[in-house]
Amino acid sequence: MAIIEVRNLISGYGKLKVLFNVNLDVEEKGITVVVGPNGAGKTTLLNSIMGIATIYDGTIHYNGHKISELPTHKISKMGIAYLPQMGNVFADLTVNENLRLASYLLDKTEVRDRVDEVLSLFPVLEKFLNRRAGTLSGGERRMLAIAMALMRRPKVILLDEITTDLAPIIAKKVLRQVVDLRDKLGLTVLIVEQMAKIALELGNQAYLLVSGTIRYSGKAVELLNHPDFSELYLGIKKI
Ligand SMILES: Nc1ncnc2c1ncn2[C@@H]1O[C@H](COP(=O)(O)OP(=O)(O)OP(=O)(O)O)[C@@H](O)[C@H]1O
Ligand SMILES: [Mg+2]
């Protein structure tokens, strides 16, 4: 079952249209991967779901509710967490402070429980609790950012390029953690990635976005093994 349904979406910023007639289903408890080159509109797709971009036409439903006219805070309250592409941890704050900040408005005991909960999912963070986030390695910082997004126990998590600038082996580790979270928490994941190969190996459904339009949708491994994948990826070949 699709927990998020994007239908005929045309969206962008101000007068600039970025996405054109995008249709996408995010399967509940699945890992849906959107790949595509720079500037294709991947971040804009996530911004559209979160109510950050301008929607000109089309609809977005979440759990059967239309969310495409709702403000961001309501969408986030409904259980969708967003891990933006840039600056998703506060470098000058400690790991512990970052986690606590991510859970503001929750009461004290709740915060304590949630910190324990995310530390059990990311035990590596425990020994860094009092270190400034800016001193963590790229991979550790990504783990912290995911842990922060989980502090509110979301049902769905939107991840924007969480492997950027990571060595392939670390990128794989971070993405495996995501698969693990899906298995352990029953989380639904929508992941947007430029490093297509690793994400496609782990994902279930995949979409290829080129110049604001969906060029392929289907099984992630099938996209990966598509004979025309590299041309499709670069947006040269039409199917
Ligand atoms: N806040 C904004 N205001 C105006 N235009 C924007 C804004 N954000 C992105 N754009 C434009 O929208 C287009 C798509 O950008 P988007 O960030 O969605 O691409 P992307 O696929 O995420 O690229 P990348 O792989 O580089 O992150 C680009 O032409 C970009 O310049
Ligand atoms: Mg982007």
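Colleague: What radius of gyration does the protein chain have, and what would a compact globule have?
Modeller: Let's start from the chain length in this predicted model, which is 239 residues. A compact globule with that many residues would have a radius of gyration near 18 Å. The value for the protein chain agrees with this, because it is 18 Å.

Colleague: Thanks! What does the C-alpha trace span along its principal axes?
Modeller: Here we follow the C-alpha trace of the protein chain along each principal axis in turn. The spans come to about 50 × 40 × 35 Å.

Colleague: How many helices and strands does the protein chain have, and what percentage of its residues count as buried?
Modeller: The protein chain has nine helices and 10 strands. A residue counts as buried if 20 or more other C-beta atoms lie within 10 Å of its own. Of the 239 residues, the share that passes is 42%.

Colleague: Which helix gives the most to the largest nonpolar core?
Modeller: In general, nonpolar side chains in soluble globular proteins tend to be buried together. In this model the largest nonpolar core has 74 residues, and Leu83, Leu144, Leu158 and Leu208 touch the most other members. Domain 1 and domain 2 each supply at least three residues to this core. With eight residues, the helix that gives the most is helix 5 (residues 138-150).

Colleague: Where do domain 1 and domain 2 lie in the chain, and which helix supplies the largest share of the side of domain 1 that touches domain 2?
Modeller: Domain 1 covers 2-79 + 154-234, while domain 2 covers 89-153. Their C-alpha centres lie 24 Å apart, and the contact takes 10 residues from domain 1 and nine residues from domain 2. By class, the domain 1 side has seven nonpolar, one polar and two charged residues. Its largest share, five residues, comes from helix 6 (residues 168-185).

Colleague: Now to the ligand! Which helix gives the most to the shell around ligand 1?
Modeller: Altogether 13 residues surround ligand 1, and the closest are Tyr13, Asn38, Lys42, Thr43 and Thr44. Strand 2 (16-27) and helix 1 (42-49) each supply at least two residues of this shell. With three residues, the element that gives the most is helix 1.

Colleague: How many nonpolar, polar and charged residues are in that shell around ligand 1?
Modeller: We can sort the shell around ligand 1 by residue class. The counts are four nonpolar, eight polar and one charged.

Methods
Residues numbered from 1 in each chain as written. Chains lettered and ligands numbered in written order. Predicted model: local features only at pLDDT ≥ 70, side-chain atom pairs only at ≥ 80, totals over all residues. Near = placed C-beta within 6 Å. Helix = DSSP H or I, 4+ residues; strand = E, 2+ residues; numbered from the N terminus. Nonpolar A, V, L, I, M, F, W, Y, C, P; charged D, E, K, R; others polar. Domains from an automatic or database assignment. Contact = placed C-beta atoms within 7 Å. Rg over C-alpha atoms; globule rule 2.2 N^0.38 Å. Buried ≥ 20, exposed ≤ 12 C-beta atoms within 10 Å, placed from the backbone. Core = buried A, V, L, I, M, F, W, Y, C linked by C-beta atoms within 7 Å.
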